Amino acid sequence: MTNELREAIRGVRNRLDLADRRVGTTADRTNVLEQLTGADYISLGALFVGWASALLFVGGEPNWALLAMFGAFLLDKADGWYARRTGTSSPFGRQVDSFIDIFAYLVPAVLLYHFVLAPHVLASLVVGFLVLAFGGLRLVRHNEEGFGSDGGASYYHGTTVVHTNLLVVANYFVAALVGPWNGWVAGLLVAAACPLMVSDYKAYKTDGTHVLAGLAAVAAVGLALGLEFGYL
């Protein structure tokens, strides 16, 4: 065996040495699993249910997909409540929550439009891109800025991904129940609303808005069940 071949083999062994590939314990090292709190595990539960919702949309079951999606909404709200109650809110937890929001709100919205409402694949391409792009930028900005404060009242900077999601859901029910409504009109409305997520609009975070969102979710669940079982 030549010296060159020995050196080549030694180099391969060094590259395959897993001990050298492990990040050492330093101040900059983040052990993700050790940082997870109870609230973060609730968030991961929302991710699981949100993924189930996505699979149901792909499988042609939009009404059951909506029910799963609202289950993810419930878990998403529960994680914030739990974090506040236990005093475990953290910048890391907010990052986890925003990551989950993509799959709890944005992905179901674009899948609902694509599989049920879109009159053409190009419409789905444009609307889906706008929802994901502006929604993602909105979440990035929120992580950077946090909540605004106006006279003691907290507000979101721009409309939220929840607003956009509920707009798509509302268009689904209107299209199902009102004859003239169609995917083109729905697409235009959703596309026009997307830039509001990165606008300077103040979406106040109050108990009243949470109640309204809850009532809207309950109404949507009722409508989804009514459509699924042929009552509407």
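Lysine 202 is partly exposed in this predicted model, with a relative accessible area of 35%. Its side chain forms a salt bridge with aspartate 150, and the closest N and O atoms of the two residues are 3.3 Å apart. Aspartate 150 is likewise partly exposed, at a relative accessible area of 32%. The pair connects distant parts of the chain: aspartate 150 belongs to strand E1 (residues 148-150) and lysine 202 to strand E3 (residues 202-204), with the two positions 52 residues apart in sequence. The salt bridge count for the structure is 1. Side chains of opposite charge can pair when their charged atoms come close.

Arginine 141, in helix H7 (residues 121-145), is buried but has no salt bridge. The nearest side chain of opposite charge is that of glutamate 145, at 4.3 Å; a salt bridge is counted within 4 Å, so this pair does not qualify. With residues up to four places away in sequence left out, arginine 141 touches Gly146, His157, Gly158, Met197, Val198 and Ser199. A further charged residue, lysine 205, places its charged end over the ring of phenylalanine 147, 5.3 Å from the ring centre.

The structure contains 7 aromatic pairs. One of them joins tryptophan 64 and phenylalanine 229 in an edge-to-face arrangement, with 6.0 Å from centre to centre and 90° between the planes. This pair also links distant parts of the chain, since tryptophan 64 lies in helix H5 (residues 62-86) and phenylalanine 229 in the segment after helix H10 (207-228), 165 residues apart. Tryptophan 64 is partly exposed, with a relative accessible area of 34%. Tyrosine 172 and phenylalanine 173 form a tilted aromatic pair, with centres 5.1 Å apart and an angle of 50° between the planes. Both tyrosine 172 and phenylalanine 173 are buried. In addition, Phe70, Phe73 and Tyr105 make up one aromatic cluster.

Alanine 170 is located in helix H8 (residues 161-177). This alanine is partly exposed, and its relative accessible area is 38%. The C-alpha atoms of alanine 170 and alanine 186 are separated by 9.2 Å, the two residues being 16 positions apart along the chain.

At the level of the whole chain, there are 10 helices and 3 strands. Along the sequence these elements follow the pattern α-α-α-α-α-α-α-β-β-α-α-β-α. The chain has 232 residues, of which 32% count as buried. Among contacts with a separation of 6 or more, 74% are between residues 24 or more positions apart.

An unreviewed UniProt entry lists residues 39-58, 121-140, 181-199 and 211-231 under "transmembrane region". Residues 39-58 are 100% helix and 0% strand in the model, and the end C-alpha atoms of this span lie 29 Å apart. For residues 211-231, the helix content is 86% and the strand content 0%, with 26 Å between the end C-alpha atoms.

Methods: Residues are numbered from 1 along each chain as its sequence is written. This is a predicted model: local features need pLDDT of at least 70, side-chain atom pairs count only at pLDDT 80 or more; totals for chains, interfaces and linings use all residues. Side-chain values use heavy atoms; hydrogens and water are left out. Rings of Phe, Tyr and Trp (its six-membered ring) pair if their centres lie within 6.5 Å; planes under 30 degrees apart count as stacked, over 60 as edge-to-face and the rest as tilted. Helices (H or I, at least four residues) and strands (E, at least two) are DSSP runs, numbered from the N terminus. Buried means under 20% relative accessible area, exposed over 50%, partly exposed in between (1.4 Å probe, protein chains only). A charge sits over a ring if NZ of Lys or CZ of Arg is within 6 Å of the ring centre and within 35 degrees of the ring normal. Lys and Arg count as positive and Asp and Glu as negative; His and the chain ends are not counted. Contact means heavy atoms within 4.5 Å. UniProt positions are given in the numbering used here, feature names are shortened, and annotations may be inferred rather than shown by experiment.
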